Amino acid sequence: MRPLTMKHASCIVLVAILIAGNSQMVQSLLLNGPSPPFTVRNTSSDGACICRVEVTDAIRCSSVREKENEESLQEQLADISSRLDHHVTVIDEQAIAIMSLTDDMTSALEKLKQIESGDLVVTRPEYKGFRREIENMEALLALLRENSTVSADIVAMLEGEVRNMTSVIRTLEDEEGSNSYQLQTEVDSLKRKLLQCQQEDVDERVSVFFSYDWDRQGHADSCRKLNNVSAPFTMRRTTTSSQGAWFRDPIVNQSKVYLISVTSSNRQDYGYSRSSSDTMYGGGTVYEYASMKDFQLGRETKRISITENAQGTSMVAYNGSLYYHVWNKRQIAKYDIEQGRLLKSELPSDTRIQNAGAYKSNSNSDVDFAVDESGLWVIYSTTSSNGVIVISKLDPETLLRMETWRTSVTKTSQGNCFMMCQVLHCTNSYNTHADKINYYFDTKTAVESFIYVPIDSKFLATYALSYNPYDQKLYGWDNGHQVIYQLLFEE
């Protein structure tokens with residue numbers, strides 16, 4: 001042992017430290033052994049001491065026992081390592097089995113999709129082959145479920161997929177019978193019928209709802225009392241905006257259909273300012289369709305870019321021109337579709353705009369155009385009229401107001417309004433299945449009254465409603481859906 005040099009008085013302390021740092025076994029030998037397990041020798045000649053501690057055999061024996069314990073521990077660790085290796089091998093094998101099962105299921109599902117779609121025809125023996133494959137999958141899943149190392153959720157998911165495939169195959173077998181050729185023939189026949197339906201005149205869909213052709217002119221006496229409004233028939237759904245208007249010209253090119261979809265972004269696009277309290281809806285592009293068939297199929301024939309952006313959902317077509325409210329101004333406009341000419345006219349200086357005089361929907365419908373058997377109208381409100389509805393008959397050539405009437409109901413309390421046989425009709429709401437036409441004002445007699453004619457806002461947001469005197473139907477824009485109502489009059 002290496003000698004330690006220190007003061008003589010420290011030798012005893014050194015020995016104590018050595019004992020304290022040793023194991024409990026050494027301490028036991030010190031306290032209970034028959035003789036000290038070490039000797040301390042002092043050979044100092046100059047006051048310092050050189051201590052030698054010589055360990056006896058009693059302490060050396062403890063190292064032998066520790067070595068035996070270490071060897072036993074190593075044997076235990078080797079056994080645990082071997083068992084872990086075995087479990088890892090099992091898990092790896094199961095992972096491979098699950099991957100293989102997943103691949104088999106993916107392949108089987110793909111074949112089933114092809115069979116269901118008619119792209120793959122199989123015979124009865126091939127169905128039996130499918131069943132054998134599924135039985136193999138089920139056997140493998142049973143083994144996986146018995147092994148606790150596999151997630152029960154994964155096994156349950158795979159078993160659900162196998163059950164679904166079994167159900168599909170059983171259904172296909174029942175439907176297929178013994179003649180797979182007959183099945184393929186039926187599938188081909190269905191495909192031809194579907195293609196034929198897509199190519200046939202879509203107006204036949206309308207004739208199912210109405211008892212006459214779409215372009216047929218209405219001949220009912222619209223000046224008689226309005227008795228009933230049919231359920232709405234959905235002609236199309238656009239995805240561009242929930243708000244807009246669609247209409248037809250009752251004077252020329254009656255088969256054409258026009259659509260304008262309005263959004264709140266156009267105001268910024270065209271250089272107008274916008275604040276959170278002043279959301280403006282309008283549009284600058286009108287889509288033209290040659291017929292109702294083209295409209296339903298989304299086949300536009302022309303896009304009309306009007307030179308002054310329109311505001312709101314009140315645009316109409318009349319005698320070859322578009323009529324609308326000019327964006328953010330107290331102006332109305334006429335746009336000649338063929339000539340591309342624009343004519344504008346001023347409204348009264350106190351006309352309410354920017355949703356101050358809109359219908360309940362707040363769709364910037366402050367200034368609403370209407371067409372009926374007698375011509376062109378504009379519906380609005382003013383500050384001097386205290387917000388009640390004002391009706392003006394317009395000269396379609398000059399846009400001059402020829403005659404004006406003032407009602408007793410406020411414009412903001414109405415859902416929508418339209419003109420029919422020189423009579424203003426208004427709905428009480430725009431967003432329920434229980435809406436009703438509940439008010440009219442007859443400009444011929446200046447008589448107004450309340451009525452009750454139910455009208456369904458099928459999609460709960462009718463932002464526009466207009467009457468076409470040619471076919472005598474209402475055209476509605478209901479939450480992005482273009483709908484039509486048939487009107488029934490008193491005989």
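In this predicted model, Gln331 belongs to strand S12, which comprises residues 331–336. Gln331 counts as buried, because its relative accessible area is 13% and the limit for that class is under 20%. The side chain of Gln331 nevertheless has a polar partner: it makes a polar contact with the side chain of Glu346, at 2.7 Å. When neighbours within four places in sequence are set aside, the residues in contact with Gln331 are His325, Val326, Lys344, Ser345, Glu346 and Leu347. Glu346 therefore appears in both descriptions, as a contact of Gln331 and as the partner of its side chain in the polar contact.

From this single residue one may turn to the chain as a whole. The chain contains nine helices and 24 strands. It has 491 residues, and buried residues make up 43% of them. How much of the contact pattern comes from residues 24 or more positions apart? Among contacts in the chain with a separation of 6 or more, such pairs account for 55%.

Individual residues in loops illustrate how positions separated in sequence may meet in space. Ile251 is located in the loop between strand S6 (243–247) and strand S7 (257–262). Its relative accessible area of 39% places Ile251 in the partly exposed class. Leaving aside neighbours within four places in sequence, Ile251 is in contact with Tyr318 and Asn319. Gly320 lies 69 residues from Ile251 along the chain, yet the C-alpha atoms of Ile251 and Gly320 are separated by 7.7 Å.

Asn319, one of the contacts of Ile251, is itself a loop residue, found between strand S10 (316–318) and strand S11 (321–325). Asn319 is partly exposed, with a relative accessible area of 40%. Its backbone also deserves attention: phi of Asn319 is near 55°, a positive value in a residue other than glycine.

Another loop residue is Thr412, which is placed between strand S17 (401–410) and strand S18 (417–420). With a relative accessibility of 39%, Thr412 is partly exposed. Which residues does Thr412 touch, not counting those up to four places away in sequence? They are Ala356, Gly357, Ala358, Tyr359 and Lys360. A further relation links Thr412 to Ile389: the two are 23 residues apart in sequence, and their C-alpha atoms are 8.8 Å apart in space.

The discussion now moves to covalent links between cysteines. A search of the whole structure finds two disulfides. One of them is formed by Cys223 and Cys421, with sulfur atoms 1.6 Å apart. The torsion about the S-S bond of Cys223 and Cys421 is about 80°, so this disulfide is right-handed. Cys223 lies in the loop between helix H7 (203–209) and strand S4 (226–229), whereas Cys421 lies in the loop between S18 and S19; the pair therefore ties together parts that are 198 residues apart in sequence. Cys421 is buried, at 5% relative accessibility.

The other disulfide joins Cys417 to Cys426, with an S to S distance of 2.2 Å. Here the torsion about the S-S bond is about 105°, so this disulfide, too, is right-handed. Are its two cysteines buried or exposed? Cys417 is buried, with a relative accessible area of 2%, and Cys426 is buried as well, with a value of 0%.

The loop between S18 and S19 holds Gln422 as well as Cys421. Gln422 is partly exposed, with a relative accessible area of 27%. As in Asn319, phi is positive in a residue other than glycine; for Gln422 the angle is near 65°.

The final topic is the largest pocket, which has a volume of about 290 Å³. Its lining consists of 17 residues, and the closest to the centre of the pocket are Arg224, Lys225, Leu226, His425 and Tyr440. Which strands each supply at least two residues of this lining? They are strand S19 (423–427), strand S20 (436–442) and strand S21 (447–454). S21 gives the most, with four residues. By class, the lining has 10 nonpolar, three polar and four charged residues.

Note on methods
Residues numbered from 1 in each chain as written. Predicted model: local features only at pLDDT ≥ 70, side-chain atom pairs only at ≥ 80, totals over all residues. Heavy atoms only, no water. 1 Å grid on protein atoms, 1.4 Å probe; cavity = no way out; pocket = protein on both sides within 12 Å on 5 of 7 lines; lining within 4 Å. Points joined across faces, edges and corners; volume = space filled by probe spheres on them. Nonpolar A, V, L, I, M, F, W, Y, C, P; charged D, E, K, R; others polar. Buried < 20%, exposed > 50% of the residue type's maximum accessible area, 1.4 Å probe, protein only. Contact = heavy atoms within 4.5 Å. Polar contact = N/O pair within 3.5 Å; in protein donor to acceptor, adjacent residues only side chain to side chain. Disulfide = S-S within 2.5 Å.
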